[in-house]
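Let's sit down with a model and practise reading it together, one feature at a time. Bring your questions.

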Amino acid sequence: MMTAVPASLESLRVLYQSDDYIVVDKHWDIRIDSKMWYEKLTVQAQLRHHFPQLADPSTYYGFRFCHQLDFSTSGALCVSLNKTAASRVNRCFKDRTVTKAYLALVRGWVEDETQTLDFSIGKNSSEGKTHMMCIEGTEGCENPKLSKTELTVLEHGLYDGDPVTKVLLQPLTGRTHQLRVHCSAVGHPIVGDFTYSGGVDDAPYRMMLHAHLLHIPLEPQPLLVFAGDPFLPTKDPKWLPQRLLQTLEGTVSALLEHRAKEERRSEEEIRERMRKEKDNRSREQRTAEESEEQRRQCQRWLSEWAGD
């Protein structure tokens, strides 16, 4: 079944819901929110339509979006339902403990099965391109910042007869358009990305980028949501897989296990640092007590000497 169905107010798919959060599967052809009077159909409008009782009148949009997805990107999008919940998620994003992974179809067959895309990204100041980002060293690139993306090849195949690769992308930083810029920088722009293909990739019905995985290590219960896989022949018959290199399930499991090990190591380092700080305070306290006792002994000695 083709998935090129336009968004509507009714077509909001909820992946997870609690008293504090809602995670929705954002449609590929809809903005999260908009201040433009003519843009009536947004995720914010969908949420108001489905959950009018949850809208917060103290916020501009009625709902607190924990992060961003581009207009043309689909997948897992987390929404906080109160200020306290928003603060907890913001802390996780600030501490870079959130794990996100995206599925994409990119042009050409990517040869290296795993690689780190390490290109600093800045804003493009060139005339006619101020809506774009760019990599350091290119003309008009202003204020480039460190950006890293892990890329894992899943499948080689064809899309509408052209060679493409299905990949899993894990952003290790959160720059604007990061995944799109990084894929374009290595010569494999995302299928349907008109902006970063030099304006030539306009045939597909959408840009093939989907937020598949969202993991937020909240306490006491982490939030872990999967938004499925829209890039399957059963959903889009123009996509024809030919060679499987790694399964999506196995790759995601390995990613989560690696992240869990990192978290455990980080927790151990924190505990060790706290233990050392406690030991240092204890030594300082003992030193201070010993110094005080020495001072008292000295005063007694001086007093006895003066008496003699």
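What follows is a dialogue between a learner and a teacher about this predicted model.

Q: Where should I begin: what does the secondary structure of the protein chain come to?

A: Start with an inventory of elements, then turn to overall dimensions. Here the protein chain has four helices and 14 strands. The C-alpha trace spans about 105 × 50 × 45 Å along its principal axes. For a compact globule of 308 residues, a radius of gyration near 19 Å would be expected, but the protein chain has 27 Å. Of the 308 residues, 43% count as buried.

Q: What share of the contacts between residues at least 6 apart in sequence join residues at least 24 apart?

A: In this protein chain that share is 64%.

Q: How do I read strand pairing, say for strand 1 and strand 2: over how many bridges do they pair, and in which sense?

A: Look at the direction of the pairing, the bridge partners and the connection. Strand 1 (residues 13–17) and strand 2 pair in the antiparallel sense over four bridges. One bridge to follow is that of Tyr16, whose partner in strand 2 is Val23. Three residues lie between the two strands, which form a hairpin.

Q: Which strands does strand 7 pair with?

A: Strand 7 (residues 121–124) is joined to strand 8 (residues 133–135) by three bridges, running antiparallel. Strand 7 also pairs with strand 9 (residues 141–145), again in the antiparallel sense and over three bridges. For a pair of residues to locate, Gly122 has Cys134 as its bridge partner in strand 8, while Lys123 has Glu142 in strand 9.

Q: What should I check when a charged residue such as Lys26 is buried?

A: Look for an opposite charge, then for polar atoms. Lys26, in strand 2 (residues 21–26), is buried yet has no salt bridge. Its nearest side chain of opposite charge is Asp29, 7.8 Å away; that falls outside the cut-off, because a salt bridge needs the nitrogen and oxygen within 4 Å. The side chain of Lys26 does reach two backbone oxygens: that of Ile30 at 2.8 Å and that of Thr73 at 2.6 Å. Beyond its close sequence neighbours, Lys26 contacts several residues, among them Val43, Phe71 and Leu77.

Q: Which elements do the buried residues of helix 1 pack against?

A: They pack against strand 2, strand 3 (64–65) and strand 4 (74–80). The buried residues of helix 1 (residues 43–50) are Val43, Gln44, Ala45, Gln46 and Leu47.

Q: How many salt bridges does a search of the whole structure find?

A: It finds 13. For each, note the distance, the burial of the partners and their places in the sequence. Arg31 and Glu39 form one, with the closest N and O atoms 2.7 Å apart. Arg31 is partly exposed at 35% relative accessible area, and Glu39 is partly exposed at 24%.

Q: Which parts does the salt bridge between Arg107 and Asp201 tie together?

A: The two side chains meet at 2.9 Å, N to O. Arg107 lies in strand 5 (residues 99–107) and Asp201 in the loop between helix 3 (178–185) and strand 12 (209–216), so the pair ties together parts 94 residues apart in sequence. Asp201 counts as buried, at 7% relative accessibility.

Q: Which residues do salt bridges with shared partners join into one network?

A: Begin with Arg180 and Asp193, whose side chains meet in a salt bridge at 2.8 Å, N to O. Both residues are buried. Salt bridges that share partners join Asp70, Arg180 and Asp193 into one network.

Key:
Residues are numbered from 1 along each chain as its sequence is written. This is a predicted model: local features need pLDDT of at least 70, side-chain atom pairs count only at pLDDT 80 or more; totals for chains, interfaces and linings use all residues. Side-chain values use heavy atoms; hydrogens and water are left out. Buried means under 20% relative accessible area, exposed over 50%, partly exposed in between (1.4 Å probe, protein chains only). Lys and Arg count as positive and Asp and Glu as negative; His and the chain ends are not counted. A polar contact is a pair of N or O atoms within 3.5 Å; within protein, one must be able to donate a hydrogen and the other to accept it, and residues adjacent in sequence count only if both atoms are side-chain atoms. Contact means heavy atoms within 4.5 Å. Two strands pair if DSSP finds at least two bridges between them. The radius of gyration is taken over C-alpha atoms; the globule rule is 2.2 Å times the number of residues to the power 0.38. Lists of a residue's contacts leave out its neighbours within four places in sequence.
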